[in-house]
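Got the viewer open? Set it to cartoon, keep the selection box handy, and we'll go from stop to stop.

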Amino acid sequence: MAFCIMTDSASDIPVSVKNEYGIKVMGTPVVIDGVDYFDGETIFPDEFYKIQAEGVKEISTYHVSQFMFEEAFREFAERGDEVLYICFSTGIAGTFQAANLAKEAVIEEYPDFKITIIDSKCASLGYGLVVERLLTMQKNGAPKELIIEAAEFFCAHMKHYVTVETLEYLFKGGRISRGSAVAGGMLDIKPIIIVDENGSLKSADKVRGWKKAQNKILDLTAETLAEPKKQVVGVVYGKAEDAEYIISELKNTLHVKDVLTSQLGCAIGAHIGPRTLGIVSMDAWEPKFEEYLK
């Protein structure tokens, strides 16, 4: 029996981490002109953003279904494995509810199946970073109970500071009006987006200019970052070149321990566009996890 950590593709967990640990990542459905694809499985960011930029196809997403979760959980149950699933925030999608319905169904078939599902109340690399940290702890010999405790702590203390280069995709997703999108484009307005205590996306500020937006999310990170020399901080981007300045400042000015980078996946990129930059980090530090994070 193994203790297995899993997540879904809206975590934007780096492909290198996924491959290194061989973890199960549920592909979020992405619909392009009525055809279902699965984020990170049958559609990938570079291809997706080319399609999105053409602007001629209808694009939407929906959360991983109960049936899809049942299939995935059943494989673990049949092997007698125990599962810890770090899930996309309930404040943004219905993934958590679908996973819990699947859990109940599979436990009816396999009463001994043990699974813990944690609502991360995080988005994108916010919980991708949580998963990476848990996998590191597991590799370094942390006991199961401590890993679950760490998961809850990391999720509760993860800060997200995000900006986007254009408001067009927020308008298409119904999050802002056409007038706001047009005015924002004319004035070069960049929103500063956070994930609030309920796990929902929230506009926290707005600035003029892409460079000012980058500096703003860096400043906000600096204000809340706990123990930078001990922390791995996450940077998520649509285009790699957009992240170079952020990564340099985190390493050379804030002196963080390391930076975990990942490209924004299709599941979230469908709603905010390819030119997105985000920094995720924790606002608290717990020493008892430290020995397993070296």
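What follows is a walk through helices, cores, buried polar residues and a few unusual backbone angles.

**Before you click**

You're looking at a predicted model, where local features need pLDDT of at least 70, side-chain atom pairs count only at pLDDT 80 or more, and totals for chains, interfaces and linings use all residues. Residues are numbered from 1 along each chain as its sequence is written, and side-chain values use heavy atoms, with hydrogens and water left out.

**Stop 1: helix α3 and the glycine after it**

Select residues 66–79, which is helix α3. Helices (H or I, at least four residues) and strands (E, at least two) are DSSP runs numbered from the N terminus. Put a distance between the end C-alpha atoms and you'll get 20 Å, in agreement with the 20 Å expected for 14 residues at 1.5 Å a residue; the expected span is 1.5 Å times one less than the number of residues.

Now show side chains. The buried residues of α3 are Met68, Phe69, Glu70, Ala72, Phe73, Phe76 and Ala77. Here buried means under 20% relative accessible area, exposed means over 50%, and partly exposed is in between (1.4 Å probe, protein chains only). When you look down the helix, remember that an α-helix has 3.6 residues a turn, so residues three or four places apart point the same way.

Step on to Gly80, just after α3, where phi is positive at about 80°. Gly80 sits in the loop between α3 and β6 (82–87) and counts as partly exposed because its relative accessibility is 32%. Add Lys114 to the selection: its C-alpha is 8.7 Å from that of Gly80, although the two are 34 residues apart along the chain.

**Stop 2: two cores**

Next, pick Leu84, Ile86, Leu134, Met137 and Phe154, the residues with the most contacts inside the largest nonpolar core, which has 56 residues. A core here is a set of buried Ala, Val, Leu, Ile, Met, Phe, Trp, Tyr and Cys residues joined through side-chain atoms within 4.5 Å. What does Leu134 touch, not counting residues up to four places away in sequence? Ile5, Leu84, Ile86, Ile147, Ala150, Ala151 and Phe154, where contact means heavy atoms within 4.5 Å.

There's also a second, separate core of 21 residues; select Ile192, Val233, Val235 and Ile246 to see some of its members.

**Stop 3: Lys190**

Is Lys190 buried or exposed? Lys190, in strand β9 (residues 189–195), counts as buried because its relative accessibility is 3%. Follow the side chain: one of its polar atoms lies 2.6 Å from the backbone oxygen of Glu165. That's a polar contact, meaning a pair of N or O atoms within 3.5 Å; within protein, one must be able to donate a hydrogen and the other to accept it, and residues adjacent in sequence count only if both atoms are side-chain atoms. Beyond four places in sequence, the contacts of Lys190 include Thr163, Val164, Asp205 and Trp210.

For contrast, click Lys212 in helix α9. With 56% relative accessibility, Lys212 counts as exposed, and its C-alpha lies 8.6 Å from that of Lys190.

**Stop 4: α9 against α10**

Stay with α9 (residues 210–224) and add α10 (residues 240–252): their axes come within 11 Å and cross at roughly 35°. Axes are lines fitted to C-alpha atoms, for helices over the stretch in contact, with angles from 0 to 180 degrees between N-to-C directions. To see the meeting faces, show residues including Trp210, Ile217 and Leu218 of α9 with Tyr245, Ile246 and Leu250 of α10.

**Stop 5: Asp39 and Ser262**

Select Asp39, in the loop between β4 (35–38) and α2 (45–54); at 4% relative accessibility, Asp39 is buried. Its side chain reaches the backbone nitrogen of Ala267 at 3.3 Å. Ser9 and Gly27 are among the contacts of Asp39.

Then jump to Ser262 in strand β12 (residues 258–263), also buried, at 6%. Its side chain reaches the backbone oxygen of Asp12 at 2.5 Å.

**Last stop: positive phi without glycine**

Most residues other than glycine have a negative phi. Finish with Ser124, where phi is near 50°, in the loop between β7 (115–119) and α5 (125–139), and with His255, where phi is about 55°, in the loop between α10 and β12. Ser124 is buried at 8%, whereas His255 is partly exposed at 44%.
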